[in-house]
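Colleague: I'm new to this structure and would like a close look at one part of it. Please start with a single spot, take your time, and then show me what surrounds it.

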Amino acid sequence: MKRYIAAGVIMIALSCTNAEKKAAVSSDSTATASQEATVPMGVELKDAKVQSIYDGYINLKNALVATKYEDAKSAAAKLQVSLAGYKGCENTALTAEKIASAKDIVAQRKEFTALSSDVIALFKHADVQKGSIYVQHCPMANDGNGGDWLASEKKIQNPYYGDQMMECGAVLEEIKPVK
């Protein structure tokens with residue numbers, strides 16, 4: 001158990017959140033009207049770059065939920081570009097690249113765990129303007145080691161198992177606008 005806690009602390013320390021936390025808070029950029037039209041489930045973030053990362057992540061997660069290898073490959077490639085363009089997220093972009101080049105959906109889902117750890121840390125510090133981001137967890141993912149992911153709704157749609165175990169999981173946390 002200590003090994004997993006230590007690994008989690010290391011993942012958070014290395015996540016793209018820490019390098020960009022101050023910039024995300026001080027950024028004056030906002031999502032454009034065209035971006036707001038594509039906001040998943042009404043989640044709106046203050047920083048347009050962070051919004052792009054979120055949208056890309058949700059597209060990838062949804063492709064994994066639907067067990068669509070090619071869609072996940074395409075979504076991961078787009079997410080990789082968004083992450084690479086956000087200072088401090090370069091290592092997370094490499095993880096997205098691994099998902100885009102993975103040989104099958106099983107390999108994509110395995111890499112999704114590390115990607116999710118990084119982006120969850122990013123969004124815990126993001127300036128959410130509208131909607132809620134849900135941190136969800138499946139205890140059975142990754143051979144019983146568990147796996148987390150983000151969603152725009154409370155309903156569980158498991159990206160680690162798709163239709164094999166669609167509703168396996170629970171909401172751990174809700175990230176919502178600070179008023």
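Modeller: Let's start at T67, which sits in the loop between α4 and α5 (69-84). Keep in mind as you look around that this is a predicted model. T67 has a relative accessible area of 37%, which lies between 20% and 50%, so it counts as partly exposed. Its backbone is worth a look too: phi of T67 is positive, about 55°, even though T67 is not a glycine. For background, most residues other than glycine have a negative phi.

Where else does a positive phi turn up? One place is N142, a residue other than glycine with phi near 55°. N142, though, lies in helix α8, while T67 belongs to a loop. N142 is partly exposed as well, with a relative accessible area of 23%. Hold on to N142, as we'll come back to it.

Now a step back to get your bearings. The protein chain holds eight helices and five strands. Read from the N terminus, the order is α-α-α-β-α-α-α-α-β-β-α-β-β. Of the 179 residues, 44% are buried. Among contacts with a separation of 6 or more, 58% join residues 24 or more positions apart. On the outside, the chain exposes about 9400 Å², with carbon and sulfur atoms supplying 55% of that.

Back to the loop, and let's follow the helix before it, α4. The aromatic rings are a handy guide here, and the count comes to four aromatic pairs. In one of them, Y54 and F123 meet edge-to-face, 5.3 Å centre to centre and with 80° between the planes. Y54 is in helix α4 (residues 48-65) and F123 is in helix α7, so this pair ties together parts that lie 69 residues apart in sequence. Both ends are hidden: Y54 is buried at 0% relative accessible area, and F123 is buried at 0% too. Then look at Y57 and F112, whose ring centres are 5.3 Å apart with planes at 15°, so this pair is stacked. Once again distant parts of the chain are linked, with Y57 in helix α4 and F112 in helix α7, 55 residues apart. Y57 and F112 are both buried. They also belong to one aromatic cluster, together with W149 and Y160.

What about the helix on the other side of our loop? Residues of α5 (69-84) come up when you look at A96, which is found in helix α6 (residues 90-100). A96 is buried, at 0% relative accessibility. Setting aside neighbours within four places in sequence, A96 is in contact with A76, L79, Q80, L83 and L115. The partner L115 is 19 residues from A96 in sequence, and their C-alpha atoms are 6.7 Å apart.

Now follow Y160 from the aromatic cluster to the second largest pocket, where Y160 is part of the lining. The volume of this pocket is about 270 Å³. Its full lining is I105, V106, R109, K110, A141, N142, D143, Y160, Y161 and Q164. Two elements give two or more residues to that lining: α7 (105-124) and α8 (141-144). Helix α7 contributes the most, with four residues. By type, the lining splits into five nonpolar, two polar and three charged residues. And there is N142 again, the residue with the positive phi, now as one of those lining residues.

One last stop is C138, in strand β3 (residues 133-138). C138 is buried, with a relative accessible area of 0%. Leaving out residues up to four places away in sequence, C138 touches G146, G147, W149, N158, Y161, C168 and G169. Two of those names should ring a bell: W149 from the aromatic cluster and Y161 from the pocket lining. As for P159, it lies 21 residues from C138 in sequence and 9.3 Å away in space, C-alpha to C-alpha.

To find your way home, go back to T67 in the loop between α4 and α5. On one side, α4 carries Y57, which pairs with F112 of α7, and Y57 shares its cluster with Y160, a residue that also lines the second largest pocket.

How values were computed. Residues numbered from 1 in each chain as written. Predicted model: local features only at pLDDT ≥ 70, side-chain atom pairs only at ≥ 80, totals over all residues. Heavy atoms only, no water. Buried < 20%, exposed > 50% of the residue type's maximum accessible area, 1.4 Å probe, protein only. Contact = heavy atoms within 4.5 Å. Areas by Shrake-Rupley, 256 points an atom, 1.4 Å probe, with all protein chains shown as cover. 1 Å grid on protein atoms, 1.4 Å probe; cavity = no way out; pocket = protein on both sides within 12 Å on 5 of 7 lines; lining within 4 Å. Points joined across faces, edges and corners; volume = space filled by probe spheres on them. Nonpolar A, V, L, I, M, F, W, Y, C, P; charged D, E, K, R; others polar. Phe/Tyr/Trp six-rings, centres within 6.5 Å; stacked < 30°, edge-to-face > 60°.
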